[in-house]
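Take a look at the model below. Keep two topics in mind as you read: how the domains meet, and what surrounds the ligand.

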Amino acid sequence: MPTIIVQSRELGDELGLPELPASSDDTHAWLLFRDAAGLALRRDDGVRINAEFVQGRSAARAREASLASQPLARALGIARLQATGRQVTLVDATAGLGVDAWQAAALGADVTLLEQNPIVHALLADALARARACRDSRVQVLAQRMHLIRTDARAWLRHGSGGASVPRPQLVYLDPMYPAQRRRARSRKGIESLHALVPPGDDEGLLDAALLAASVRVVVKRPVGAPPLANTFGVNPDPVRAPNTRWDRYLAPK
Ligand SMILES: C[S@@+](CC[C@H](N)C(=O)[O-])C[C@H]1O[C@@H](n2cnc3c(N)ncnc32)[C@H](O)[C@@H]1O
């Protein structure tokens, strides 16, 4: 894991990350900084990592007419749930940089994003704040459908989602880190370059917690060839496949 330094102590305090040092002798340290374009991490090779909804790929994707026919949309099945006339609710329990959550919001879901890593959470919170303040009303509406919480999803899904008086989410979405993606960490700018910050693994218990919380379905994103996540309910996935990715769909146990 690289050393992370923060641009200034004030920024660290403001982000609730007072433990980050403002300087280091480590020439491979990564810098968490804010500039006119928002909060970002600069890797030691100069690559900028941020979450972004106003510009770039996520913003463009939300406008694509083909969004509803893409594999993630088919796996989530939001359109079918909308036919009941109720607001579709989804918990993205491994939010990362929010790319998939943004797509779910663009498909019409009300999305609660759970992220345990403080730096990833800070990048995502910044992107959401910029999207809410954006002049484009479509972007604003999507950002207002997204609610970010810094937490370990396993605890939140089992206990912390507000108790019995709060309705269970219809959908829970999981995209845990997968070790094989680590090999590409240097060449990627997005969430995959965060593998150095967010160690893969400890997804133990995540699918069970999701199955307990969801009222309709759990969808798990996996690289092609990866084994399904383990669960103790004995439910088997029904996959939606794309060339490099598989979305394992599980019906929530009654
Ligand atoms: C592969 S990334 C998700 C990428 C995301 N789907 C996107 O579109 O940007 C996995 C993220 O899940 C987070 N994560 C993993 N386990 C978690 C847990 N138990 N609770 C909350 N967040 C978790 C990691 O910190 C990481 O940011």
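What follows is a short briefing, grouped by topic. This is a predicted model. The domain assignment splits the protein into domain 1, residues 1–35, and domain 2, residues 50–251. Their centres, taken over C-alpha atoms, are 27 Å apart.

**Where the domains touch**

- Domain 1 gives 10 residues to the contact, and domain 2 gives 10 residues.
- About 750 Å² is buried between domain 1 and domain 2. Carbon and sulfur atoms account for 73% of that area.
- Which residues of domain 1 lose the most area to domain 2? They are Met-1, Leu-17 and Trp-30. Together these residues make up 51% of what the domain 1 side buries.

**Charged and polar links between the domains**

- One salt bridge crosses the interface of domain 1 and domain 2.
- Arg-34 and Asp-126 form a salt bridge through their side chains, with 3.9 Å from N to O. The cut-off for such a pair is 4 Å, so this pair qualifies.
- How many residue pairs are in polar contact between domain 1 and domain 2, counting pairs with both residues at pLDDT 80 or more? The count is zero.
- Strand E2, residues 30–35, supplies three residues to the side of domain 1 that touches domain 2. That is the largest share of this side.
- The same side of domain 1 has eight nonpolar residues, one polar residue and one charged residue.

**Salt bridges in the whole model**

- The total count is 11 salt bridges.
- The pair Asp-126 and Arg-34 joins distant parts of the chain, 92 residues apart. Asp-126 sits in helix H6, residues 118–132, while Arg-34 sits in strand E2.

**Around the ligand**

- The ligand is surrounded by 21 residues. The closest are Leu-97, Asp-100, Glu-115, Ala-153 and Asp-175.
- Val-99 has a polar backbone atom 3.2 Å from an oxygen atom of the ligand.
- Asp-152 places a polar side-chain atom 3.1 Å from a nitrogen atom of the ligand.
- Asp-175 has an N or O atom in its side chain 2.8 Å from a nitrogen atom of the ligand. Asp-175 is also listed among the closest residues.

Note on methods: Residues are numbered from 1 along each chain as its sequence is written. This is a predicted model: local features need pLDDT of at least 70, side-chain atom pairs count only at pLDDT 80 or more; totals for chains, interfaces and linings use all residues. Side-chain values use heavy atoms; hydrogens and water are left out. Domain bounds come from an automatic or database domain assignment. Contact means heavy atoms within 4.5 Å. Buried area is the accessible area (1.4 Å probe) that two parts lose on being put together, summed over both. A polar contact is a pair of N or O atoms within 3.5 Å; within protein, one must be able to donate a hydrogen and the other to accept it, and residues adjacent in sequence count only if both atoms are side-chain atoms. Helices (H or I, at least four residues) and strands (E, at least two) are DSSP runs, numbered from the N terminus. Ala, Val, Leu, Ile, Met, Phe, Trp, Tyr, Cys and Pro count as nonpolar, Asp, Glu, Lys and Arg as charged, and the others, Gly among them, as polar. A residue is near a molecule or strand if one of its heavy atoms lies within 4 Å of it.
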